[in-house]
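User: I'm new to reading protein models. Could you walk me through strands, sheets and cores?

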Amino acid sequence: LTAMGDSSMDPTISAPDSTAQQDSMFSMMDVFLISLITGLFTYWFFFRKKKEEVPDLPKMQSVAAPARDSSFIEKMKKTGRNIVVFYGSQTGTAEEFANRLSKDAHRYGLRGMAADPEEYDLSDLSRLSEIDKSLAVFCMATYGEGDPTDNAQDFYDWLQEADADLSGLRFAVFGLGNKTYEHFNAMGKYVDKRLEELGAQRIFELGLGDDDGNLEEDFITWREQFWPAVCEHFGVEATGEESSIRQYELVVHKDVNMNKVYMGEMGRLKSYENQKPPFDAKNPFLAQVTQNRKLNKGGERHLMHLELDISNSKIRYESGDHVAVYPANDSSLVNQIGEILGMDLDTVMSLNNLDEESNKKHPFPCPTSYRTALTYYLDITNPPRTNVLYELAQYASDAGEQERLRKMASSAAEGKALYLSWVVEARRNILAILQDMPSLRPPIDHLCELLPRLQARYYSIASSSKVHPNAIHICAVTVEYETKTGRLNKGVATNWLKNKVPDQNRSSSLVPMYVRKSQFRLPFKPSTPVIMIGPGTGIAPFIGFIQERAWLKDQGKEVGETVLYYGCRHEHEDYLYREELAHFQKEGVLTQLNVAFSRDQAEKVYVQHLLKKNKENVWKLLNEGMAHIYVCGDARNMARDVQNTFYEIVSEFGNMSQPQAMDYVKKLMTKGRYSLDVWS
């Protein structure tokens with residue numbers, strides 16, 4: 001290389017010398033190229049097989065873990081089913097009804113399956129006619145303000161966009177709703193109407209269940225007329241009386257590795273010990289309670305403010321969202337059930353689905369102990385539905401008690417009346433029924449199969465993530481009341497939360513939770529005025545709203561009028577967040593604070609009375625300021641009374657008739673200027 005370098009610099013080198021040096025250069029280059037080619041060939045020869053094998057690995061994996069078949073048609077053909085019952089369920093009731101209908105089918109020589117629409121491709125509905133005597137039934141609950149449930153959202157979106165020809169589809173719909181809500185049974189009505197528009201044939205009329213009345217009776221009444229219509233349509237007859245068919249088989253685990261036993265987790269085993277985001281209904285986050293204080297100064301009730309630490313969870317929330325918490329049943333109730341049934345509750349078992357093709361392998365996470373199932377997975381405090389009573393009747397050794405249970409589970413008027421008075425109105429839960437029927441001693445595994453799942457409880461978040469990014473605040477009142485039988489019934493979640501003590505070293509301060517997004521949102525422009533109406537614990541989301549408006553103001557943003565109408569029983573007893581509200585008013589964020597104390601005078605005063613009193617200002621904010629209205633709290637009375645008050649104000653100051661005023665308010669709702677976050 002030195003010679004080459006020199007030659008390039010020395011112009012006196014002769015031509016022969018130059019040629020000799022070129023020969024030398026080529027020989028070195030040849031050696032270099034030959035070495036390179038040899039090296040590449042050797043590498044290719046020895047390593048090429050390994051490279052070729054790589055694409056085979058995914059094939060091997062796909063054999064070991066096949067993708068779930070999203071075609072319910074293929075599954076029905078494979079398993080000999082001809083009736084599919086889809087459910088849109090938020091709290092488990094619609095799923096329960098769907099299971100009952102699918103089990104009914106065998107009485108008519110038909111075979112049914114309950115199906116979660118989230119797990120299947122619903123465009124396959126157009127192919128259902130490929131199956132003889134086929135029928136699709138839809139048990140659809142309405143959530144919130146006329147919304148589909150989480151698991152039916154994709155189905156709802158598909159229905160809205162679909163232009164499918166469903167002319168070969170036979171269907172029926174049962175809706176689950178609540179008449180205290182503005183959009184009663186909106187989802188059931190929409191599915192029924194839309195399927196008909198797409199050409200499907202309705203074989204029985206739409207059923208409308210009302211949870212504000214007696215949902216169970218509504219379902220039974222619809223069901224007892226539905227099946228005769230099915231029989232007539234398909235030309236089939238009942239094969240005999242309703243019989244008890246077990247859906248799951250019991251397996252008791254004697255020598256079990258406790259690391260493989262569920263201890264209350266909702267989805268993944270050991271998920272509470274090894275937390276991994278994202279957190280949702282099947283993978284809740286264990287939040288530490290950092291504060292739990294009583295809000296009211298007196299009275300018999302216990303109103304509380306809790307703060308949950310969500311640091312390092314990557315959970316994000318907005319003001320107006322809901323926090324869902326998974327509670328646990330009272331251990332004394334669980335122990336009493338174990339004692340009455342003479343069972344060791346620490347027995348580890350599994351309930352395995354007898355239908356091997358079912359996507360639902362167990363009624364709750366298994367293997368687990370009876371104690372864990374009754375504490376974390378099963379609803380033992382609500383009055384059981386009639387199908388549970390029917391199945392349990394066979395285990396009553398006393399003929400009178402057995403007859404009473406069967407009568408309450410029947411569709412006869414006398415039976416319905418007895419169920420309503422003895423179970424529903426008396427608020428008898430499963431423990432009370434076992435106590436009041438001494439001969440009724442069912443096997444605990446069958447009881448666990450029959451009881452519905454314990455559901456998450458939703459609370460309006462009482463904080464702003466702008467101010468509290470690592471915490472979620474809850475405002476709640478403990479539920480406690482005496483039943484007609486003299487028993488003291490306690491709300492599962494609120495009493496469980498009440499006993500959560502802030503202590504970083506104890507599991508007793510942990511709350512399994514996740515966030516559910518809401519449409520209850522502050523206006524996009526901070527300068528837009530807001531009118532918030534929330535008596536009692538209905539103030540919760542507005543604490544978050546006001547915190548956020550204060551934060552926006554501190555950021556230099558122009559913040560519009562922020563008006564609150566709040567109500568409680570007594571000024572010196574249950575005036576929630578009094579100091580905080582006074583502070584916000586002093587800072588000029590809360591421009592109006594109107595408080596109704598309903599029981600501090602002879603004549604009761606509620607929030608709607610204060611709205612009427614300030615009607616001119618309310619109309620000005622609404623009409624000129626384009627204010628957004630927010631209502632949170634009781635749906636049965638307060639929300640309806642407030643809405644009627646707005647009809648009156650709009651009618652008076654807008655010079656409109658009552659129907660015009662109602663239409664005006666409905667349009668506000670459609671435009672997102674009148675929002676509700678209510679419960680019954």
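Here we go through some strands and cores, keeping in mind that this is a predicted model.

User: Let's start with strands. Which strand is joined to β15, and how do the two run?

Analyst: A handy general idea: in a regular strand, side chains alternate between the two faces of the sheet. In our case, β10 (residues 303-309) and β15 run antiparallel, joined by 7 bridges. For a spot to look at, Leu303 sits opposite Val477 in β15.

User: How many residues of β15 are buried?

Analyst: For β15 (residues 471-477), 6 of the 7 residues are buried, so to call it mostly covered is fair, as buried means under 20% relative accessible area.

User: And the sheet with β22 in it: in what order do the strands come?

Analyst: Read across, the open sheet goes β21-β20-β19-β22-β23, with parallel pairing. β21 (592-597) and β23 (674-679) are the edges: each has a single partner strand, so one side of each has no neighbour in the sheet. From one strand to the next, the twist averages 10°. Zoom in on β22 (residues 628-634), which runs parallel to β23 through 6 bridges; there, Cys632 faces Asp677.

User: Now cores. Which residues touch the most other members of the largest nonpolar core?

Analyst: Those are Phe364, Leu374 and Met408, in a core of 45 residues. Elements supplying at least two residues each include α12 (399-408) and α13 (413-425). Domain 2 and domain 3 each give at least three residues to this core. Try Met408: among the residues it touches are Leu389, Leu418 and Trp422. There's also a second, separate core of 31 residues, including Ile531 and Leu668.

Key
Residues numbered from 1 in each chain as written. Predicted model: local features only at pLDDT ≥ 70, side-chain atom pairs only at ≥ 80, totals over all residues. Heavy atoms only, no water. Buried < 20%, exposed > 50% of the residue type's maximum accessible area, 1.4 Å probe, protein only. Helix = DSSP H or I, 4+ residues; strand = E, 2+ residues; numbered from the N terminus. Pairing = 2+ DSSP bridges. Axes fitted to C-alpha atoms, helices over the stretch in contact; angles between N-to-C directions. Core = buried A, V, L, I, M, F, W, Y, C linked by side-chain atoms within 4.5 Å. Domains from an automatic or database assignment. Contact = heavy atoms within 4.5 Å. Lists of a residue's contacts leave out its neighbours within four places in sequence.
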